[in-house]
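Hi,

Here is the structure I said I would pass on. Have a look, and my notes follow underneath.

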Amino acid sequence: GQVRLVFEEFFLFQVGLVLRRREMDAERKPRQVAVDDRVRQSALTVLPFRLTGDQKQALGEIVRDMQRPQPMNRLLQGDVGSGKTVVAAAAMFVAAQSGAQAAIMAPTEILAEQHYKSLSTLYANVDTTVLPHPLKVHLLTGSTPQSERETILAEIADGQANIVVGTHALIQESVAFHDLALAIVDEQHRFGVSQRAALRQKGYNPHVLVMTATPIPRSLALTLFGDLDLCVIDQLPPGRQPIATRIVLPTERERAYRFICAQIEQGRQAFIICPLVEESDKIEAKAAVEEHARLQKDVFPQFQLGLMHGRMKADEKEAAMRAFAANATQILVSTSVVEVGIDVPNASVIMIEGAERFGLAQLHQFRGRVGRGEHKSYCLLQTDVIESEISERLKAVEASNDGFVLAEKDLQLRGPGQFFGTRQSGLPD
């Protein structure tokens, strides 16, 4: 009887997704994006290095979708550092060259700026003389100065700006697109169904591509995002090295600090993540402030240490990240707020204090903050427990760099939790 009930629930869930999808297809007739050989040729020049097989396949699927009359709804899943941005850049280029506009939205200003920089660099290689449409990339965030803002908004409205990068503010208030054909969303879990609806209400029926680095096991992704087609990038681009991960026992703490010192003396930088405190944001912030003071005074007096926690205002967090990105601080002491949205190629070590208090997916996300440059990178899982009590979870992270393998493992260890909500483990609703 129980199996039948479970089956019925899943069946209804799937039917619900199919219906939702059908409704969306019927509702909107987006524009079909035209791709000719000129665009194909110049798209190749956008990509300064050879694409991996996975990237090629993902891009092929996305461009095929954009040429159809039904709106694309795709989830592009790729582990940290797998090169999703390059695929996004090429897809946006194709949309812009068919005479339409493309936009990419990021969860934080600093991430939007990073996208803007990397797109500008990629597009700098393109020979614009052969293109049907000149490329014009604009960045629009909360800190865009008022003086520039009006020009940018005007160029978005009359279609001159054909590639727009920004935070979610892009789909709000004063922004009116001339002809938005492709909307790309970075980090789906920060961008809800309601925002996708906001885009539709503005009368844009763009093709939507959602990108995430959170490795969701395939089996789950299909049930979870049944309204999205899935493409996955599994291979690391050439030149990326796996991150060496090690469990650090309580007795080895000093050794870990010495290792961090040695890395910084070679010119590198480090993250130190404070343990999760269940009680509250407030206590967690206080613990981080104290840990920062202790490390600065007793452990690393010779270096500059930055601090970041959840009680800080958005601009204070931005400032802390900027200082770290510019190497004004060599070590960033942070609570778990650092998960998404910072790319510092020079950071080569992340030390996670109280590692057994974090979930497997979260540990993997933290680890993805390093290994983004050409330097060999390290992840130190500092535990408070003795060797015989180390959890399966930590051993799994130490043993594998592959987010998909870990996500499957996580599913076995904890159960899938609540898909559409915030509860991370246990049985699904």
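First, a definition: helices (H or I, at least four residues) and strands (E, at least two) are DSSP runs, numbered from the N terminus. Contact means heavy atoms within 4.5 Å, and axes are lines fitted to C-alpha atoms, for helices over the stretch in contact, with angles from 0 to 180 degrees between N-to-C directions.

The source, in two sentences: this is a predicted model, so to speak of local features we need pLDDT of at least 70, and side-chain atom pairs count only at pLDDT 80 or more, while totals for chains, interfaces and linings use all residues. Residues are numbered from 1 along each chain as its sequence is written, and side-chain values use heavy atoms, with hydrogens and water left out.

On to the sheets. Two strands pair if DSSP finds at least two bridges between them. One open sheet has seven strands in the order β3-β4-β2-β5-β6-β1-β7, paired parallel. Its edge strands, β3 (137-140) and β7 (229-233), each pair on one side only. Ignoring direction, neighbouring strands here are turned by 20° against each other on average. Within this sheet, β2 (101-105) and β5 (180-186) pair in the parallel sense over five bridges, and Met105 has Val185 of β5 as its bridge partner. Helix α3 (53-66) packs on the sheet, touching β1 (73-78), β5, β6 (207-212) and β7, and its direction makes about 155° with that of β7.

Another open sheet has six strands, ordered β8-β13-β12-β9-β11-β10, again with parallel pairing. β8 (244-248) and β10 (305-308) stand at the edges with a single partner strand each, so one side of each is left without a neighbour in the sheet. The twist averages 15° from one strand to the next. β8 pairs with β13 (378-382) over five bridges in the parallel sense; Thr245 has Cys379 in β13 as its bridge partner.

Two helices lie across strands of this set. Helix α9 (253-265) crosses over β8, β9 (269-273), β11 (331-334), β12 (347-352) and β13, running at about 160° to β12. Helix α10 (281-299) lies across β9, β10 and β11, at about 175° to β10.

Then there is a helix pair: the axes of α12 (360-367) and α13 (392-399) come within 10 Å and cross at roughly 35°. The contact involves Leu360, Leu363 and Arg367 of α12 with Arg393, Leu394, Ala396 and Val397 of α13. By class that is five nonpolar, no polar and two charged residues (Ala, Val, Leu, Ile, Met, Phe, Trp, Tyr, Cys and Pro count as nonpolar, Asp, Glu, Lys and Arg as charged, and the others, Gly among them, as polar).

Cheers
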